[in-house]
Amino acid sequence: MAFHFIGDRDSALGFQFAGVTCTPVDGLQDAELALDEALGRKDLKVLIVTELVAMQLDKKITDHRLSAQPPFIVEVSDVWGTKVERMNMQQMIQEAVGIRISGKKS
């Protein structure tokens, strides 16, 4: 199974040590070119991108994910940690179902 990474140079270095091919990017234009190139590869099954790249290319990544075609895109935090506030399970249920779960015991 072929993996590829797109993200900042420091994070790319870590993936390269693990044997993953990488495209280090410095900004939106580099990220767009790298994503287009990666999506065109027939051998690629999993594309790993940093959260920053995912945020910059949100529409393009969402469109590709909705196509349900490989490569499948996975977001990871960069070497400096996550910058995105993630919802906890309770918040996800509330958003999906519209029901608030109370932690208060009766």
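Visitor: Of the contacts in the protein with a separation of 6 or more, what share comes from residues 24 or more positions apart?
Guide: Happy to start there, and please keep in mind that this is a predicted model. The count takes contacts with a separation of 6 or more, and then picks out residues 24 or more positions apart. Their share is 62%.

Visitor: In what order do the elements of the protein run from the N terminus on?
Guide: The protein has 5 helices and 4 strands to place. From the N terminus on, the chain opens with a strand and ends with a helix, and the run reads β-α-β-α-β-α-α-β-α.

Visitor: Which strands are the edge strands of the sheet?
Guide: The sheet is open, has 4 strands and shows parallel pairing in the order 2-1-3-4. An edge strand pairs on one side only, and that holds for strand 2 (21-24) and strand 4 (72-76).

Visitor: By how many degrees are neighbouring strands of this sheet turned against each other on average?
Guide: This is an average over neighbouring strands in the 2-1-3-4 order. With direction ignored, the turn is 20 degrees.

Visitor: Which residue in strand 2 stands opposite Ile 6?
Guide: Strand 1 (residues 2-7) runs parallel to strand 2, and 4 bridges join them. Opposite Ile 6, in strand 2, stands Thr 23.

Visitor: What angle does the direction of helix 2 make with that of strand 1?
Guide: Helix 2 (residues 28-39) packs on the sheet and touches strand 1, strand 2, strand 3 (44-50) and strand 4. Its direction and that of strand 1 make an angle of about 170 degrees.

Visitor: Which helix lies across strand 3 and strand 4?
Guide: The helix in question spans residues 58-67 and runs at about 135 degrees to strand 4. That is helix 4.

Visitor: Is Asp 8 buried or exposed?
Guide: Asp 8 has its place in the loop between strand 1 and helix 1. Its relative accessible area is 18%, and buried means under 20%. Therefore Asp 8 is buried.

Visitor: To within what distance of the backbone nitrogen of Asp 10 does a side-chain oxygen of Asp 8 reach?
Guide: This contact sits at the start of helix 1 (residues 9-17). At the other end, helix 1 is followed by Gly 19, whose phi is positive, near 90 degrees. The side-chain oxygen of Asp 8 reaches to within 3.2 Å.

Visitor: What percentage of the residues in the protein is buried?
Guide: The protein has 106 residues, and Asp 8 is one of the buried ones. Buried residues make up 27%.

Key: Residues numbered from 1 in each chain as written. Predicted model: local features only at pLDDT ≥ 70, side-chain atom pairs only at ≥ 80, totals over all residues. Heavy atoms only, no water. Pairing = 2+ DSSP bridges. Helix = DSSP H or I, 4+ residues; strand = E, 2+ residues; numbered from the N terminus. Axes fitted to C-alpha atoms, helices over the stretch in contact; angles between N-to-C directions. Contact = heavy atoms within 4.5 Å. Polar contact = N/O pair within 3.5 Å; in protein donor to acceptor, adjacent residues only side chain to side chain. Buried < 20%, exposed > 50% of the residue type's maximum accessible area, 1.4 Å probe, protein only.
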